[in-house]
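Q: I've got this model open and want to go through some of its helices. Can you help me read it?
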Amino acid sequence: MKPLARYASLANFVELARSLNTDPVRLLRSVGLDPGGVALQDRWIPASAVADLLERTAVEAGRDDLGTRLAELRKLSHLGPLSLVLREEPNMRSALTLLIRHERMYNEALHTSLQVADGVATVRVHLDLGRPGADRQSIDLAVGVLYALMRELSPPTWQPLSVSFVHSPPINPTTSLRMFGGLARHDRAFNGITMLETDLDRPIRESDPQLLEYTRRMLDDDAGNPTSAVANRTRQLVEMLLPTGRCSADQVARSLGVDRRTLHRRLTAEGTTFTAVVDDTRAGLAGHLVTSQRYSFVEIAATLGFSSPSNFSRWFRGRFDCTPRQWRRSTDPEDTEAVAAGVPPTSDL
């Protein structure tokens with residue numbers, strides 16, 4: 001089964017494409033993506049379609065720096081609830097560990113690793129699109145976003161040793177110079193960022209006013225929105241926290257800037273409970289992860305916050321009336337539409 005990514009990976013694409021005098025709607029349709037789905041950031045789509053979209057747009061716009069330009073537009077707050085979790089990490093090492101652990105929750109094609117040797121730390125980025133093809137723009141976007149996030153979390157004086165790319169330099173280096181300040185190195189053996197190991201243990205700086213404003217907006221009730229605002233934000237945070245082992249009402253409330261009692265009161269007002277939100281979130285993720293052939297049941301149990309695979313299996317049977325293994329066997333590996341939409345497959349059991 002081909003790896004999937006969420007529409008959130010295309011944040012700011014429409015605006016950038018228009019600014020480059022290209023038609024984002026036509027380009028999205030040309031790779032089989034629904035233009036209306038861009039607003040549904042949690043919807044799963046083929047990661048290869050995202051890569052193809054960026055490559056086609058770069059060619060049509062005549063800009064081989066498209067991925068870097070898109071990365072320039074990203075801010076820590078664009079990660080949504082994950083930004084609230086990252087700001088609570090004690091240092092860069094912990095934040096990177098969380099990002100790496102969580103990456104499969106938003107992009108299955110992205111594989112990031114942290115290696116430390118001889119006082120030097122290297123964060124390597126690799127893409128597995130499930131098929132051969134161009135991925136320059138996707139690599140530039142992934143490395144650029146990682147660099148931008150690390151800068152936001154680090155002290156203002158932080159500077160890595162280098163930012164490496166396997167591909168050749170861009171025709172016009174202006175965007176790269178603006179983004180990386182002359183630290184970009186091309187035609188290297190890997191894609192990623194190299195820094196001193198001591199940088200990993202520097203404390204994460206306090207969140208900026210924009211991130212605090214984002215937190216407040218998350219809790220504002222939109223009278224014109226019929227959906228459950230706090231329940232939705234809680235679900236998003238639960239997704240982020242499940243793999244960390246820190247998914248509790250206290251942690252979610254702290255990330256949202258309220259106390260536990262206020263969180264429970266707001267969820268009750270929306271007709272739900274914290275326990276129900278956690279269970280429903282697990283169910284949605286379990287349907288996707290178990291259907292995919294890419295993850296072992298041990299990995300899935302850890303991702304969903306279970307202490308052991310047996311505990312996960314018991315919960316899954318109680319929720320879906322079959323074991324994870326039975327569910328996986330009953331699923332058509334080519335039924336990517338249901339998986340991408342997060343809809344449980346039909347079983348003959």
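Q: Which residue follows H11, and what is its phi like?
A: Gly257 follows H11, and its phi is positive, near 80°. This is a predicted model: local features need pLDDT of at least 70, side-chain atom pairs count only at pLDDT 80 or more, and totals for chains, interfaces and linings use all residues. Residues are numbered from 1 along each chain as its sequence is written, and side-chain values use heavy atoms, with hydrogens and water left out.

Q: How many residues of H11 are buried?
A: Six of the eight residues in H11 (residues 249–256) are buried. Buried means under 20% relative accessible area, with a 1.4 Å probe and protein chains only. The buried ones are Ala249, Gln251, Val252, Ala253, Ser255 and Leu256.

Q: New topic. At what angle do H10 and H13 pack?
A: About 55°, with the axes of H10 (residues 229–241) and H13 (residues 274–291) 9 Å apart. That makes H10 oblique to H13. Oblique covers angles that are not under 35 degrees, over 145 or 65 to 115.

Q: Which residues of H10 and H13 meet there?
A: From H10, Ala231, Thr234, Arg235, Val238 and Glu239. From H13, Phe274, Val277, Val278, Thr281 and Leu285. Contact means heavy atoms within 4.5 Å.

Q: And what angle do H13 and H15 make?
A: About 100°, with the axes of H13 and H15 (residues 309–320) 11 Å apart. H13 and H15 are therefore roughly perpendicular.

Q: Which residues of H15 make that contact?
A: Phe312, Trp315, Phe316, Arg319 and Phe320 of H15. Their partners in H13 include Asp279 and Val290.

How values were computed:
Axes fitted to C-alpha atoms, helices over the stretch in contact; angles between N-to-C directions. Helix = DSSP H or I, 4+ residues; strand = E, 2+ residues; numbered from the N terminus. Buried < 20%, exposed > 50% of the residue type's maximum accessible area, 1.4 Å probe, protein only.
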